[in-house]
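Trainee: I'd like a close look at one part of this model, the sheet and whatever packs on it. Could you walk me through that, and then say a word about the cysteines?

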Amino acid sequence: ARPAEVQVVHLPAPARGSVVTLEEPPLVGRDAQRAVLLNHLETAASGQGGLVLLEGEAGIGKTRLTRELVAGSGWRNIYTVVAFAAQTDVPSSYSLLLAALSPVLSPLRIRQLAGLLEPVHFQAAALLLPCLAETLGDHPPLPDLPPPQACERIQQALIALVLGLSRITPHLWVLEDLQWADAETLSLLPLVLPRLAESRTLFLLTGRSADLRANPLVWNALQSLDRAGPFPRYTLTRLGKDDVGSLVHNLLGREQTALAEHLARESEGVPLYLVEILKTWRDEGHLAPTERGTWQWRGDVPTARPAHLGQAVIGYRVAGLTPAAGEVLSAAAVIGVEIDFDLLGRMCAPPDALSDHPRLLTATDELLRLGFLTETDTCYHFSHEQVRQAVYHRLSSTECQHLHRKAALAAQALFPTQV
């Protein structure tokens, strides 16, 4: 019999795996905390909302764990808002809460809320959120009240706004860096907490443990929250050797005990320092990506550098930047949390020009590639506030004064109505 023909199939070569990024390596040592936060989220989505505090020292991984919760929230179709308190001497009234509310209030949401909120609440909230005023139509102006009653009217309006939004869809509100929050937002939180129990709202507050207790306004607000109702609090601690070993295994695809022990010892279990050390090793050529999506270690385990922690780790990496990238990074540190591209360009332009976009883009590309900056649709951010502070503290007093003056002049030229 004639042998059957064998069909030959040419399969494509396997695709190269995506590299485990050092900008956001796998989450380790936080499984229990992630699970409990997700449980709070699911409970809130079912109609039993609440307010939770996540605290720990700077660089301990609060923002990283929060991003995991935000990802879980998106997967569960829960509307998520993340807002950061700004470190300013005199924050404006309700600045943190308004930063969270403003992006939520789309034209559709406003029309939906108009049918849920009492007109007086809608009118009072519109005093702080002008986008609401366009939907109000013709209403008599609110009566004048003494300051305490006017303040209470605003508070009740904002609470009604938050609760109204939860009637439309479940919400996760992430308020980061509570240690810098304004007094008005802080005073509102204990008032809203008892109302959340029958809503589809979860507030997640994050902050640095020592700073939360050092700021009397914040500490009093936290104690008021504890008296107002259930107020779960979770403190992140440093990673243990096993956690660091798990991270090294994920990065290299195999165990490497000596390297894991060295990394645990040099970082002292602080996730931010750990990531910065890994980036340093990458920049020095000790770590290189493989086709499997993992990393390959080259050479011997490095010797520890003196005081190779915290700002010293970041400072060592900053020293390896090109002069142009270093100049741009210093200017960005002076600008602050949200780094406007045009403002940065003005500050870093040659004396005889308003901007030098090719040079600026080359520098920002280097800073993005090396993980100092991240970018959104509207601006740049530092990868971590500790990175910004480390860069800022490297500047001399003369350099600080010079850059602050350039920032002020550039802001005045670009945003004359806001300065």
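Mentor: Let's start with the sheet, go on to the helix across it, and finish with the cysteines. Keep in mind that this is a predicted model.

The sheet is an open one with 5 strands, and if you read across it the order is β2-β3-β4-β1-β5, with parallel pairing. At the edges sit β2, residues 79–84, and β5, residues 233–235, and each of these pairs on one side only. Going from one strand to the next, the twist averages 15°.

Now zoom in on one pair of strands. β1 covers residues 50–56 and β4 covers 201–208; the two run parallel, joined by 7 bridges. If you want a spot to click on, Gly 56 stands opposite Arg 208 in β4.

Then look for helix α2, residues 62–75. This helix lies across β1, β2, β3 and β4, and its direction is at about 165° to that of β3, which spans residues 171–176.

As for the cysteines, the disulfide count comes to 0. Take Cys 131: the nearest cysteine sulfur belongs to Cys 379 and is 20 Å away, and Cys 131 is in no disulfide. Cys 131 counts as partly exposed because its relative accessibility is 28%. Cys 379 has its own closest cysteine sulfur in Cys 348, but the gap is 16 Å, so that is too far for a bond. With a relative accessible area of 10%, Cys 379 is buried, since the cut-off for buried is under 20%.

Terms used: Residues are numbered from 1 along each chain as its sequence is written. This is a predicted model: local features need pLDDT of at least 70, side-chain atom pairs count only at pLDDT 80 or more; totals for chains, interfaces and linings use all residues. Side-chain values use heavy atoms; hydrogens and water are left out. Two strands pair if DSSP finds at least two bridges between them. Helices (H or I, at least four residues) and strands (E, at least two) are DSSP runs, numbered from the N terminus. Axes are lines fitted to C-alpha atoms, for helices over the stretch in contact, and angles run from 0 to 180 degrees between N-to-C directions. Contact means heavy atoms within 4.5 Å. A disulfide is a pair of cysteine sulfur atoms within 2.5 Å. Buried means under 20% relative accessible area, exposed over 50%, partly exposed in between (1.4 Å probe, protein chains only).
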